[in-house]
Structure formats: C-alpha cells, structure tokens
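User: Hey, I've just opened this one and I'd like some help reading it. Let's go through it bit by bit.

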Amino acid sequence: MEAKTAYLAYLLKSLGADIRATGSNPLSTQDDVVASLKNHYGVNVNARHGCSLSEYDEFINWALDIKPDIIIDDGGDLIDTLLNNKRDLIAGVKGGLEQTTTGVKRLKVKYSKNEIPFPMLAVNDATIKYMFDNRYGTGQSALTAILKSTNMTLASKTVVVCGYGWCGKGLAQMAKGLNARVIVTETDELSALTAVFDGFSVMESIEAAKLGDIFITATGTNKVLTKEHFAVMKDGALLSNAGHFDVEVDIKYLNENASEIKEVRENVREYNIFGKKLYIIGEGRLVNLAAGDGHPIEIMDMSFSMQLLGAIYLCENVKNLPKQLLYIPCELEKKAARIKLDSMGIKIDSLSSEQKKYLYGDDK
C-alpha cells in the first residue's frame, strides 16, 4: 500500500466504486500514504508498516468484510482467505484479478483442482505486465533498495540471482549494467539455457553460494537459500529476496541458530552464524517494498492500467466468462500500450490494407 497503489484505489473510488484497501505484505505499507488516502481522499484503507502477522490477517479479513463484487489481489492472500474462511461471500463475487507471479502460481494450483469459483484474470501473465513490471520494475527497484539500504557499490561484486524468470532476467541485466559479475541459478533447463545464451554464468546454487557477495532470490518457491548454502558463504555475504513471500531465504533457520542477531543499519540485520557474519535486507521479505519504494511509476502505470481495465472488463462481461483462471484480453493490453506510447509522444506505423491482406487474407 504505497503511492502507486494508492492512486489506483483513488481512481477506482472516483469511478464510483466502494473501496476497501490493505497491504499485501507486512512491510510493504507506507504509513504516510495510508494517512493521506484516509484523510484527504476518503478511501477506506487499513494497513500499517511493520504490522504483525495477526494484524495482517485482520486487515485482510476487514477488507473482505465489504462483501466485494471485484477482488484485486497481489500475492493471493485475499483469495486464499476468502476460499478458506469466508466462503459465504463467494456468491457475491463477480470476479477477481491477480497481479503477481506468486499469486498466479497459487491460482494455477487451485485451477488444477477445480477450486476457482469465479472468473480470475491473471494480470501477471499479461505481456505488458511481465515484460515491463517484472523485468524492468523488479530489476531496478530491488537493486535500488539493496543499494539504498547498504550504501555499497555493485561494481566489482559477484551477484547471485536465484531464478531466471522475468524478474530474474531483469535483476541479472540490471546488475550486469552496473558492472557486477552475475551468476544465475535455476531448476528449469530452458531458463538456465537462456541465461547462458544471455551471457551469464550458470551453476548449482551450492557452488554459487561459495562465490557470491550479494544474493537475490526471485523464484516464487521456498527454501532456495538454506543452511547448506549459509555454511559455505563468504563472511559478509548479503542476502535479499525479490519474491513475494519471505520463504525463499530460510530466515527461520537463521533466527533460531545465529549466536547473535542485531540491526546494523535500517532494514539490514546481521547474523553471526558458522563463525561469520551474514546480512539480511528487509527481513527476507519483498526487498523492493520492504526496504525501498517499489517500482517506478513509469512501470506501475502499465500494470495498474491492466488492473483497472481488467476490473471494468469483468463487470461488463461476467455473465459470459467461465469460472476459472483467464488471461487478460489482448485488446486491453494493446489499449494500454497505445495510451502509454501516446503519453511518451511516440507515434508508430499502421498496417496498410495491402499488408493486412498479405498477413490475414483480407484488409479488415
């Protein structure tokens, strides 16, 4: 719940919607933004930076108590809470949208079990989302948060990027652009091969653990960096997570086994373990929000355009949509892309009638 998300909430309210908004992560909320939404824009919002997990659950339940027609989720916690604890509200839901890779993965599991009771649009799988938000947004904002928190240089460092999806691609490319040596770890053969052809070193994570100065996880799964990796890391290694949930770095093990834990800078925690010091940024939570300002507005305007256009699409077409995981219609992506190009003062060509006939067999 930060400035860009706040503007989406305000825009939805200005279009006539009754809004309840909350944060998608205990450390992702900016309290001044929440106060402004409440006091100056009349938006119902309930969130607090650094809230406990029980408070976080309370906020999610409070948001659902509005008996929503449309759910705009980020990570899947709203949907999970609805399906597990508030099933009496399901009948009133026209549909929902999911913004993140992690959230869509959770929905795909539900889809495989036939557990999605209304249309859900996978915003994350829209080209205009993952090509820009995941790649350029995560790539820049995660590294910005790391550098802001540590005041260290990336040049000359060895950066290990765990996962080479679109977020990992952006992280690796941005780190390379700042003259870091980049190592990629992967479990998917095609993604690993892509990283090799993109010019990065690829190896098993246990080998990368011995070489890295900075580690960034971006996989969407749990226990990517664990006891075995910590044991062989360099003294002073820095660990962070760009995935949605704080499960990729095994923080629980560090908290239970470190001989000493202390805060050395804002958002930087030092763990004395295995006879050395390891540093965690943002408690292992989503680093670009837990220790930074999130993606730049020039990126988020495209993603939030998809959420806005997707919500309108659901309202207008709900009777004709199946109760399952769905893709954003291509025409909505093209509309957002046209608006974005216009805002940048960029004009592009159009197909001629002859070209349309050549490509499609007619000139329509």
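User: Let's start with E283. Is E283 buried, exposed or partly exposed?
Analyst: E283 counts as partly exposed, because its relative accessibility is 34%. The cut-offs, using a 1.4 Å probe and protein chains only, are under 20% relative accessible area for buried and over 50% for exposed, with partly exposed in between. Keep in mind that this is a predicted model, where local features need pLDDT of at least 70 and side-chain atom pairs need 80 or more, while totals for chains, interfaces and linings use all residues. Residues are numbered from 1 along each chain as its sequence is written, and side-chain values use heavy atoms, leaving out hydrogens and water.

User: Got it. Where does E283 lie?
Analyst: E283 lies in the loop between β13 and α12. Those labels come from DSSP runs numbered from the N terminus: helices are H or I with at least four residues, strands are E with at least two. E283 also has a positive phi of about 60 degrees, although it is not a glycine.

User: Why would anyone point that out?
Analyst: Because most residues other than glycine have a negative phi.

User: Ok. What is phi near for K223?
Analyst: K223 is another residue other than glycine with a positive phi, near 50 degrees. You'll find K223 in the loop between β9 (214-217) and α10 (227-232). K223 counts as exposed, because its relative accessibility is 54%.

User: Back to that β13 and α12 loop. What about L286, buried or exposed?
Analyst: L286 is in that loop, between β13 (276-281) and α12 (287-290). L286 counts as buried, since its relative accessibility is 13%.

User: Which residues is L286 in contact with?
Analyst: If you leave aside neighbours within four places in sequence, L286 is in contact with N25, N241, A242, G243 and H244. Contact here means heavy atoms within 4.5 Å. There's also a long-range pairing to look at: L286 and S28 are 258 residues apart along the chain, yet their C-alpha atoms are separated by 7.9 Å.

User: Cool. And what does S24 touch?
Analyst: Not counting residues up to four places away in sequence, S24 touches Y56, D74 and H244. So H244 turns up for S24 and for L286 too. S24 sits in the loop between β1 (20-21) and α2 (31-41), and S24 is buried, with a relative accessible area of 18%.

User: New topic: holes. How many cavities of 30 Å³ or more are there?
Analyst: Two. A cavity is a set of points on a 1 Å grid over the protein atoms alone where a 1.4 Å probe fits but cannot get out, and lining residues have an atom within 4 Å of a point. Grid points are joined across faces, edges and corners, and a volume is the space filled by probe spheres set on the points.

User: How much space lies in the largest cavity, and what lines the largest cavity?
Analyst: About 40 Å³. D73, G76, I79, D80, E98, G103, R106, L107 and K110 form the lining. The elements giving two or more residues are α4 and α5, and α5 gives the most, with four. Those two helices also meet: D77, I79, D80 and L83 in α4 are in contact with R106, L107 and K110 in α5.

User: And the second largest?
Analyst: The second largest cavity holds about 30 Å³ of space. Residues that line this second cavity include T22, N25, R48 and Y56.

User: Now strands. What order does the open sheet have?
Analyst: Its four strands run in the order β3-β4-β5-β14, with parallel pairing. Two strands pair if DSSP finds at least two bridges between them. β3 (70-73) and β14 (325-327) each have a single partner strand, so one side of each has no neighbour in the sheet. β3 pairs with β4 (residues 95-98) over four bridges, and I70 has G95 as its bridge partner in β4.

User: Which strands pair in the antiparallel sense?
Analyst: β11 (residues 260-265) and β12 (residues 268-273) do, over five bridges. One bridge joins R265 to V268 in β12. The hairpin has two residues between the strands, and N267 takes a positive phi near 70 degrees there.

User: Last one: how many residues of helix α15 are buried?
Analyst: Zero of the eight residues in α15 (residues 353-360), so α15 lies largely in the open. Just after α15, G361 takes a positive phi of about 90 degrees.

Notes
1 Å grid on protein atoms, 1.4 Å probe; cavity = no way out; pocket = protein on both sides within 12 Å on 5 of 7 lines; lining within 4 Å.
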